[in-house]
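Dear colleague,

I am passing on a structure that I have been going through, and I would be glad if you kept it open while you read my notes.

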Amino acid sequence: MPLRIPRIAPSEITDERHFWDRRSWLAAVGGAVGAAAAGPALLSAMGPGRRGGGADDDKPTPYDSITGYNNFYEFSTDKEEVKPLAARFRTRPWTVRVEGAVRRPRTWDLDELLRGFTAEERIYRHRCVEAWSMVVPWNGIPLAQVIRRLDPTPAAKYVEFTTLLDPAQMPGQRSGILPWPYVEALRLDEAMHPLTLLVTGIYGRPIPPQNGAPLRLVVPWKYGFKGAKSIVRIRFLERQPATTWALAVPNEYGFYANVNPTVDHPRWSQARERRIGEFGRRPTLMFNGYAEQVASLYGGMDLRVNF
Amino acid sequence: MRWWGVFALAAVPGVRLVYRAFWGDLGPDPLVTLEHGTGFWAFVLLIVTLSITPLRRLTGWNQVIKLRKMLGLWSAAYAVAHVTIYATLDQGLDWPSIWADALEHRRIYLGAATLVILLALAATSPNVMVRRLGKRWGTLHRLIYLAVVLALFHYALTQKLDVREPLLWGGVVTLLLGLRAWWGWRKFRDSPSRG
């Protein structure tokens with residue numbers, strides 16, 4: 001059965017520069033100043049496009065927002081501090097150690113690992129566990145293709161991704177807020193799913209360091225934290241490994257972390273989300289809107305227990 | 001003169017947010033910039049308000065007490081702006097969602113309780129209310145100690161993991177409340193009627 005990759009019309013990308021329409025923004029602010037106490041007047045002043053749009057209104061988020069608002073604790077817990085702190089991060093030469101249940105464990109030079117593959121453009125919704133979201137035009141290679149090149153043995157049931165550990169370059173790693181290095185993992189069938197991407201670019205440009213250069217994982221139906229950044233090790237395992245956030249705060253973050261509007265984070269609701277740059281909230285979609293493609297991976301599982 | 005200087009200084013963060021909003025310079029997530037900006041300054045001004053009495057006792061600078069009411073009202077004003085932004089720009093005046101948010105999440109009901117206290121204190125701050133309430137005024141306004149503790153936990157619960165800043169502010173709150181507890185105990189110990 002051919003899988004339909006859900007697409008957000010690429011023609012919409014040209015809207016990037018015009019996304020921040022100064023006039024509608026000024027109208028919103030004028031409304032805010034004039035009617036600070038009168039909420040309804042304020043909302044009506046915001047005009048279309050500034051409010052949380054419908055669930056199917058998926059304009060790509062501007063490049064500057066995608067690359068200027070980053071959860072990358074290896075650099076900083078302040079989303080707008082990551083970009084300046086990552087500015088001089090070295091992404092070449094870069095090697096990826098492949099080990100565990102593979103026929104030939106070895107260290108790959110990144111360019112060698114990716115040689116022969118063509119990066120595809122995939123415009124995906126990106127949903128953070130903090131209840132905000134973006135629409136990102138990623139460029140990347142389906143992880144399944146890379147896994148076939150790495151040649152795991154039949155014993156492999158999970159794939160684990162490890163982020164670079166380098167406190168000299170990553171100041172956030174000098175604090176003990178998370179156990180470093182960052183580790184994330186997928187079940188092998190999730191990793192082999194055609195939507196799962198190893199990303200090398202954004203908006204047709206090489207991915208910048210603050211977004212996880214030179215190589216990061218993107219799993220669009222899961223919360224953003226599953227997407228390990230700046231990957232230096234890929235390990236195939238027989239058992240489910242411990243992953244960083246689930247290890248640090250087990251009651252708040254699970255291994256699966258599938259986007260699910262019906263299972264709240266203990267401290268906030270996951271039923272709705274705010275698109276970055278917009279006010280208001282829109283409903284969050286089951287599996288981030290990719291249920292048709294991925295729901296079958298979780299048949300018979302209690303998603304409340306396996307959150 | 002000095003009173004107006006402090007008044008203007010307390011307005012600066014709010015004016016700055018409006019200015020940045022006007023020029024579309026609130027960063028990638030304008031909502032969070034506005035929501036956190038107003039919430040942060042409501043909290044900081046509450047701390048500053050609570051520092052006035054210790055400052056007066058420790059320095060003997062009695063005039064400073066004239067600033068206390070104004071600073072407390074500024075804190076309440078930022079808190080009102082904060083909650084208005086949450087209810088309108090963030091939640092879109094979706095009352096069922098706001099209600100559910102407040103009932104289910106500690107962070108929200110701690111914040112709501114803080115707002116109720118600040119509004120009650122602001123409403124009873126005019127001199128005529130001070131006179132009318134008499135002794136009860138002082139008792140009522142001790143609720144500011146509860147408000148600052150609630151606000152601290154409300155703030156700490158917004159942090160996903162990194163609680164270094166809330167811990168720092170927790171130290172400041174502990175110091176300010178601890179000083180009062182210490183003075184209160186000394187007064188009790190030294191009072192001649194005791195025993």
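Below I describe one strand of chain A and then two helices of chain B.

Please bear in mind that this is a predicted model. In chain A, strand E5 covers residues 158-163, and 6 of its 6 residues are buried. In a regular strand the side chains alternate between the two faces of the sheet. Here both faces are covered, with Tyr158(A), Glu160(A) and Thr162(A) buried on one side, and Val159(A), Phe161(A) and Thr163(A) buried on the other.

Which strands are joined to E5(A) by bridges? Strand E6 of chain A (residues 183-187) runs antiparallel to E5(A) and is joined to it by 5 bridges, with Val183(A) as the bridge partner of Thr162(A). Strand E10 of chain A (residues 231-237) is also antiparallel to E5(A), and 6 bridges join the two; in E10(A), Phe236(A) is the partner of Val159(A).

In chain B, helix H8 has 14 residues (143-156), which at 1.5 Å a residue should span 20 Å, and this agrees with its end C-alpha atoms, which are 20 Å apart. Its buried residues, among them Leu150(B), His154(B) and Tyr155(B), pack against helices H2 (30-59), H5 (106-123) and H9 (164-190) of chain B.

Helix H1 of chain B (residues 2-22) should span 30 Å, and its end C-alpha atoms are indeed 30 Å apart. H1(B) nevertheless bends by about 40 degrees at Val12(B), with Pro13(B), a proline, following within four residues. The buried residues of H1(B) are Ala10(B), Leu17(B) and Ala21(B), and after the helix comes Gly24(B), which has a positive phi near 65 degrees.

With best wishes

Technical notes: Residues are numbered from 1 along each chain as its sequence is written. Chains are lettered from A and ligands numbered from 1 in the order in which they are written. This is a predicted model: local features need pLDDT of at least 70, side-chain atom pairs count only at pLDDT 80 or more; totals for chains, interfaces and linings use all residues. A residue is buried if 20 or more other C-beta atoms lie within 10 Å of its own, exposed if 12 or fewer, and partly exposed in between; C-beta atoms are placed from the backbone. Two strands pair if DSSP finds at least two bridges between them. The expected span of a helix is 1.5 Å times one less than its number of residues. Two residues are in contact if their C-beta atoms, placed from the backbone, lie within 7 Å. The bend at a residue is the angle between axes fitted to the seven residues ending there and the seven starting there.
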